[in-house]
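These notebook entries set out what I looked up in one structure. I kept them short, and I took the topics in the order in which I needed them.

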Amino acid sequence: MTASLPLLYSFRRCPYAMRARLGILFAELQVELREITLKNKPAQMLAISPKGTVPVLQLIDGTVIEESREIMEWALEQKDSQGLLDAKVLDQANALIDKNDNEFKHWLDRYKYADRHLEMTQEEYRLQGEEFLQILEKLLTKNFYLLGDTITIADIAIMPFVRQFAHVDRDVFYNLPYPNLQRWLQHWLEHPIFLQVMTKYQPWQEDDEVVVFPS
């Protein structure tokens, strides 16, 4: 770990890690990035966060933040020039993120890995997940982003999970009756900051040179 930058353990395709990186980019911060593989987690990461999930952020003072939502909030509390923590909608944003994390993610996992969860069919899991998509679609009929015409923390916290849902079967997703949600997701997939978030890095090894994110 460099003395001057926080240290982020991340995994490119994990939606939790994606939203942590989004928070860091929107806050215009830099971190030392260590890309990991889930099958070979570094001992250094496990030493500071034994639960072994990403993202994990270690601050310069040694404080460890183990939850993606808290990493986003920490980053935006340092600098929030675009107002993602807008106080007028923050309660609504937090309620949406709660619903994403506590309900939608449950059905998303079962939809994606239906062969491991045989209690229901994949279509039934998708329909359960669509209840949250319908809430987002209704919000997006009124606004370009979820809670208005500017980005909030709700957008960057939820988008990686909608992306994952869509990518289970893209043909199915883009034929669902959610044109505003599809437009919103496509906008994010093409957004310069998201493209930067999805830059590929080689898995970190102990003797590697420091990788600064964003470079």
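The entries below concern a predicted model.

**Entry: the nonpolar core**

I began with the question of which residues touch the most other members of the largest nonpolar core. I156 and W184 do so, in a core of 61 residues. I then listed the elements that supply at least two residues each: α1 (15–26), β2 (31–35), α3 (68–78), α4 (90–112), α5 (122–140), α6 (153–168), α8 (179–189) and α9 (192–197). Helix α6 gives the most to this core, with 10 residues. I also noted a second, separate core of nine residues, which includes L7, Y9, C14 and A17. As background, I recorded that nonpolar side chains tend to be buried together in soluble globular proteins.

For I156 I looked up the contacts, leaving out residues up to four places away in sequence. I156 touches R19, L22, G23, F26, M72, L76, L84, I151 and W188.

**Entry: helix α6**

I next asked how many residues of α6 are buried. The count is 14 of 16, so I describe α6 as largely enclosed by the rest of the structure. I looked for bends as well, and α6 has one of about 35 degrees at M159. A proline, P160, follows within four residues of that bend.

**Entry: helix α4**

I found that α4 bends by about 45 degrees at F104. I wrote down its buried residues as A93, L96, I97, N100, D101, F104, K105, L108 and Y111. These buried residues pack against α1, α3, α5, α6 and α7 (170–173). For the pattern along a helix I noted that an α-helix has 3.6 residues a turn, so residues three or four places apart point the same way.

I singled out N100, which is found in α4. I counted N100 as buried because its relative accessible area is 0%, against a cut-off of under 20%. Setting aside neighbours within four places in sequence, I listed R19, K105, F132, A157, I158 and F161 as the contacts of N100.

**Entry: the largest pocket**

I looked up the largest pocket and recorded a volume of about 650 Å³. Which residues lie nearest its centre? They are C14, P15, Y16, K105 and Q164, out of 28 residues in the lining. The elements that give two or more residues to this lining are α1, α3, α4 and α6. I sorted the lining by residue class and obtained nine nonpolar, six polar and 13 charged residues. K105 thus appears in my notes both as a pocket residue and among the buried residues of α4.

**Entry: L181 and S4**

I closed with two single residues. Is L181 buried or exposed? L181 has a relative accessible area of 0%, and I therefore entered it as buried. L181 has its place in helix α8. Its contacts, not counting residues up to four places away in sequence, are L133, L136, E137, L140, V162 and F173. I also computed the separation of the C-alpha atoms of L181 and K138, which is 8.8 Å for two residues 43 apart along the chain.

S4 I located in the segment before β1 (7–10). S4 counts as exposed because its relative accessibility is 56%, and the cut-off is over 50%. Between S4 and Q30, which are 26 residues apart in sequence, I noted a C-alpha to C-alpha distance of 9.8 Å.

Methods. Residues are numbered from 1 along each chain as its sequence is written. This is a predicted model: local features need pLDDT of at least 70, side-chain atom pairs count only at pLDDT 80 or more; totals for chains, interfaces and linings use all residues. Side-chain values use heavy atoms; hydrogens and water are left out. A nonpolar core is a set of buried Ala, Val, Leu, Ile, Met, Phe, Trp, Tyr and Cys residues joined through side-chain atoms within 4.5 Å. Buried means under 20% relative accessible area, exposed over 50%, partly exposed in between (1.4 Å probe, protein chains only). Contact means heavy atoms within 4.5 Å. On a 1 Å grid over the protein atoms alone, a cavity is a set of points where a 1.4 Å probe fits but cannot get out, and a pocket is an open set with protein on both sides within 12 Å along at least five of seven lines; lining residues have an atom within 4 Å of a point. Grid points are joined across faces, edges and corners, and a volume is the space filled by probe spheres set on the points. Ala, Val, Leu, Ile, Met, Phe, Trp, Tyr, Cys and Pro count as nonpolar, Asp, Glu, Lys and Arg as charged, and the others, Gly among them, as polar. The bend at a residue is the angle between axes fitted to the seven residues ending there and the seven starting there.
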